[in-house]
Amino acid sequence: DQDLLQIYVCCVYFIWTVFTTVGFGDIAADTTAERIFCICIFLTAATIFGTLVSQIKEIIANKEADTKDCDSYVDAYLSIKPRLPINTQLEIRSWEQFRYSRKQVQIRNNEVLSRLSLSERLRVAIAQNIENDLFSQVAFLRKKNTIESIRTFFSAEL
């Protein structure tokens, strides 16, 4: 009965070694325990690799969809007759890509902030973080290290 188990383990080991394209190099499992361990590692690696590939594919597909949406919006400018100078077209494309990406961030932020499952305290913390990030992108506000100092700055100006 033990010999039959060893044969099955050896067969599964052989199949997974071929399936995962690990190959049969000069380092190979010799005992049943080593083969069972390698089979577990093969299964884990194949699962992680499959998940990783699908996640990368999803990221690329989302990026391509966003790019396609943005490009279809920018194409309206390209249909203007007479044709715009190339520098103007490039500036428009750059501006619209920036505006589109900011709009996507705003939609995501609004979606997160509208989740009622979060407590009010956590939503306020997220909103403050979003505000700080937004203000940190403005050159003269980078010196201000807190949202309160920014509010004080604007209050003083008014």
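This report walks through the nonpolar core, a surface patch, the aromatic pairs and one buried glutamine in a predicted model.

## The nonpolar core

Let's start on the inside. The largest nonpolar core consists of five residues: V9, Y13, A29, I39 and F42. Two helices, α1 (2–19) and α2 (32–78), are the elements that each contribute two or more residues to this core.

A29 is a good core member to look at in your viewer. Setting aside residues up to four places away in sequence, A29 touches Y13, E34, R35 and C38. One of these partners, Y13, belongs to the core as well.

## Aromatic pairs

How many aromatic pairs does a search of the whole structure find? There are two. In one of them, the ring centres of Y13 and F42 lie 6.1 Å apart with 25° between the planes, so this pair counts as stacked. Because Y13 sits in helix α1 and F42 in helix α2, the pair ties together parts that are 29 residues apart in sequence. Both Y13 and F42 are buried, and both are members of the largest nonpolar core.

The other pair, W95 with F98, is tilted, with 5.7 Å from centre to centre and 40° between the planes. Here both residues belong to helix α3, where they are three residues apart, about one turn of the helix. F98 has a relative accessible area of 43%, so this residue is partly exposed.

## A nonpolar patch on the surface

Now to the outside. F14, I15, V18 and F19 form a nonpolar patch on the surface, and together they have about 420 Å² of accessible area.

Is F19, one of the patch residues, buried or exposed? F19 is exposed, because its relative accessible area is 56% and the cut-off for exposed is over 50%. This phenylalanine lies in helix α1, which is also one of the elements that give two or more residues to the largest nonpolar core.

## A buried glutamine in helix α3

Q89 is worth a visit too. Helix α3 covers residues 86–113, and Q89 is part of it. With a relative accessible area of 10%, Q89 is buried, since the cut-off for that label is under 20%.

Which residues does Q89 contact, leaving aside its neighbours within four places in sequence? They are L78, R83 and L84. Of these, L78 is the residue at which helix α2 (32–78) ends.

Definitions and conventions. Residues are numbered from 1 along each chain as its sequence is written. This is a predicted model: local features need pLDDT of at least 70, side-chain atom pairs count only at pLDDT 80 or more; totals for chains, interfaces and linings use all residues. Side-chain values use heavy atoms; hydrogens and water are left out. A nonpolar core is a set of buried Ala, Val, Leu, Ile, Met, Phe, Trp, Tyr and Cys residues joined through side-chain atoms within 4.5 Å. Buried means under 20% relative accessible area, exposed over 50%, partly exposed in between (1.4 Å probe, protein chains only). Helices (H or I, at least four residues) and strands (E, at least two) are DSSP runs, numbered from the N terminus. Contact means heavy atoms within 4.5 Å. Patches are made of residues with over 30% relative accessible area and no salt bridge: like charges are joined within 9 Å, nonpolar side chains (Val, Leu, Ile, Met, Phe, Trp, Tyr) within 5 Å. Accessible areas come from the Shrake-Rupley method with a 1.4 Å probe; for residues, only the protein chains shown count as cover. A salt bridge is a side-chain nitrogen of Lys or Arg within 4 Å of a carboxyl oxygen of Asp or Glu. Rings of Phe, Tyr and Trp (its six-membered ring) pair if their centres lie within 6.5 Å; planes under 30 degrees apart count as stacked, over 60 as edge-to-face and the rest as tilted.
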